[in-house]
Amino acid sequence: MLTTALLASACSGTGGGGESSQADANTITFMTQLFGTAPNPQGELHQAIEKFLGKKIKVTWVPNADYPEKVNVTLASANIPDVMVVDPKSPAFGKAAEAGAFWDLTDKIKKYPNLVGDEKVLLNSSINGKIYGPYRTRPLLRSAVMIRADWLKKVGLEAPKTTDDLYKIAEAFTKKDPDGNGKDDTYGLIIPKWPGTTFAASSPFNVMDVWFGAPNNWGERDGKLVPEFDTPEFFEANRFMKKMIDEGLVNPDWNTLDTAKWNDPFVQGKGGIIIDVDVRTTQLLDLLKEQDPQTYGDKVLTVGNLARPDGKKFSLPFSGYKDILAVSKQRVKTEAQLDELLKTLDKLASKEGQVLLTNGIEGRNFKVENGEAVLINQEDPKVKQVQDDVDKAFIQLGTQASTGTTGIAYPRVPPEAPYRKDLAERKERVAEDLKTAVFDPSLPVVSPTAVAKGATLNPIVTDARIKYLAGQLSEDELKAEIKRWYDGGGTQIAQEINDLVAKLGQ
C-alpha cells in the first residue's frame, strides 16, 4: 500500500508522474530521490533549469527512505513518468523493462555524447547488454581504511600496508589504552550491522574477502565464474575476521550497530578503525572539527586497500554508477519524441547543465575560484534555499553531478587544510589501487533465477556468514549453508551467470 507521504507526493504540486497530458510535449516529467524538502516549482533553481533547457519540468520528489516502495508502486501503475531514476538490476524494473515499459537505448545512446560516459561502466549498468538509460556516475574505486591518527601515534605504530598490520593496530587500540584515560574501554575495528543480502556490496566483510583474494561478487576459477563465497580465500578472510571478533578487537555490538551511527564510536573515542568508502573521511573530519577546531586534522588517517599477509594486493572497486535515468514509453511513444527527450537529457548532462544541478546559479549561491565552487550569500535565506535545492534535490537528476570532485561540475572543497590534504591523498590512493582492482565480471548481467528466487536465496549465505562470525555456526555448517544455496537454485544462477557473460563476450 502507498503510505500517506507517498500519496501526498504523488498528488501534490511538486509531483509529476504521468499526470501531464501526452499533448504537453514541452513538459518533461521526472521521478527521483529527495533528501530534504521538495523544491518549489517557482523557485530560482527550478526556473533556471527550465530556462536552460527551454522546457518545463515536473518532478515527483520522493523521500529517499520511501523510494524503493514508490518505485515498485509506480512501475505497476499507469503513471510512469518520462524519466525515472531506478536501479537497473532491481527485479521490478527488470520485469517492467522486459515487458516493454521502457525504451531500449542500446543502439541509440551513443548518438548523445554527454550520456555515454565510460563505456565499461555503461555496460555495467546494462541488463544483459541492453542499456535502458544513462547512468549516474560514481567513483570507480572508493574503498579505504579510516584510522584514528592520534591513537596510532600514541601506540607507536605506522600506517598499515597489510591485513596483518591492521590486526596489530586493532590489537594495540584495544589493549594499549590509546586514549590515555587509564581504562580498558577501547577497541580497534568498528563494524555496523550491514543492510542488504547480496555480496555485490561494500560492507567491511566483502572488502576483506577481496583483500584476501576472493572474487568481487563473482570471479573466474578453473575456467568458470563462481560466487565470492565458494572459494578458499573467502574462508581465509572470514577466519581472520572471526579471530578479530573473538579476541574483542571489534566493537561488541558489531551485529546490531545502526549504520547511521557508524561514525559515533570513532568520534567518541571508543573505536579507532573504519573500513568503508573514502568519502567517510570528510564526515569524520566534520564531526571532529565540531569537537576541537584546532586539532581535528590530526585525528584521521586514511589509507587505501590493504595487501593480504603474503604481500599480494587485491583492491575492491565499485560498479562506477548509482542508478540510471530510464525513459518510459507511456508518454514518450515515438522515436521522434524519444530523440527530442534524449537531446534534452544530453543538454542537461553537459558542463553547463551539470553545474546547475551540482553547484547552482553562478554569482547567486556560488562563485568560481581556482576552478572550484565557493559558496556565497548563504546568510540570505533565499540564496540558502537555492543551495538546499541543489544539495537535497536536483543533484539527484545529474548523470555526473553527484560525484563531487570527480564530476564535470566545479568541485566544492572546504578551504581548510585537512580537507584539501585528504582530497590530494585520495586521488593518489585511487590511482594506485586501480592497478590491483578486482572487477566483477557479472555486473552487466542479470540471472532470471536470481530475479525469481533471489529474495529467498540471497539471505542464506549472508546470514550464515554472520552466524559463523558470531560463533553460532561452525565452518562446516557454513559450508552446508552454501550447499543449501546451490541446491535451492544457486546452481541454476551460476549456470545462467556463466552463459550470459559468455554471450556478452561473443
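Is Gln 337 buried, partly exposed or exposed? I would like to start from that one residue and then widen the view, and I should say at once that what we are looking at is a predicted model, in which local features need pLDDT of at least 70 and side-chain atom pairs count only at pLDDT 80 or more, while totals for chains, interfaces and linings use all residues. Residues are numbered from 1 along each chain as its sequence is written, and side-chain values use heavy atoms, with hydrogens and water left out.

Now to the question. Gln 337 counts as partly exposed because its relative accessibility is 34%, given that buried means under 20% relative accessible area, exposed means over 50%, and partly exposed lies in between, with a 1.4 Å probe and protein chains only. Gln 337 is found in helix 12, where helices (H or I, at least four residues) and strands (E, at least two) are DSSP runs numbered from the N terminus. Leaving out residues up to four places away in sequence, Gln 337 touches Arg 331 and Val 332, and by contact I mean heavy atoms within 4.5 Å. Its C-alpha atom is separated by 8.2 Å from that of Ala 25, although the two residues are 312 residues apart along the chain.

Let me stay with helix 12, which covers residues 335–348. The expected span of a helix is 1.5 Å times one less than its number of residues, so the 14 residues of this helix should span 20 Å, and the C-alpha atoms at its ends are indeed 20 Å apart. Buried in helix 12 are Leu 338, Leu 341, Leu 342, Thr 344, Leu 345, Asp 346 and Leu 348. These buried residues pack against strand 1 (27–34), helix 2 (44–53), strand 3 (83–86), strand 11 (321–327) and helix 13 (351–358).

Two of those partners deserve a closer look. In strand 1 we find Phe 30, which counts as buried because its relative accessibility is 2%. The C-alpha atoms of Phe 30 and Val 327 are separated by 9.4 Å, with their positions 297 residues apart along the chain. In strand 11 we find Asp 323, which is buried, with a relative accessible area of 7%, and which has a positive phi of about 75° although it is not a glycine.

Gly 133 sits in the loop between helix 5 (119–124) and strand 4 (135–137), and it is buried, with a relative accessible area of 0%. Not counting residues up to four places away in sequence, Gly 133 touches Leu 105, Ile 109, Ile 324 and Leu 325.

Next, the nonpolar cores. A nonpolar core is a set of buried Ala, Val, Leu, Ile, Met, Phe, Trp, Tyr and Cys residues joined through side-chain atoms within 4.5 Å. The largest one has 57 residues, and those with the most contacts inside it are Val 145, Met 208, Ile 273 and Trp 485. Several elements give two or more residues to this core, including strand 5 (143–148), strand 9 (271–277) and helix 16 (448–469), and helix 17 gives the most, with eight residues. Apart from this core lies another, of 56 residues, among them Ile 28, Val 59, Ile 109 and Leu 397.

There is also a hairpin to point out. Strand 7 (residues 218–221) and strand 8 (residues 224–227) pair in the antiparallel sense over four bridges, where two strands pair if DSSP finds at least two bridges between them. Glu 220 stands opposite Leu 225 in strand 8, and in the two residues between the strands, Asp 222 takes a positive phi near 55°.

Finally, the whole protein. It has 17 helices and 13 strands, and 52% of its 506 residues count as buried. The radius of gyration is taken over C-alpha atoms, and the globule rule is 2.2 Å times the number of residues to the power 0.38. With 506 residues, a compact globule would therefore have a radius near 23 Å, and the protein has 24 Å, which agrees. Along its principal axes the C-alpha trace spans about 70 × 60 × 45 Å. Of the contacts with a separation of 6 or more, 75% are accounted for by residues 24 or more positions apart.
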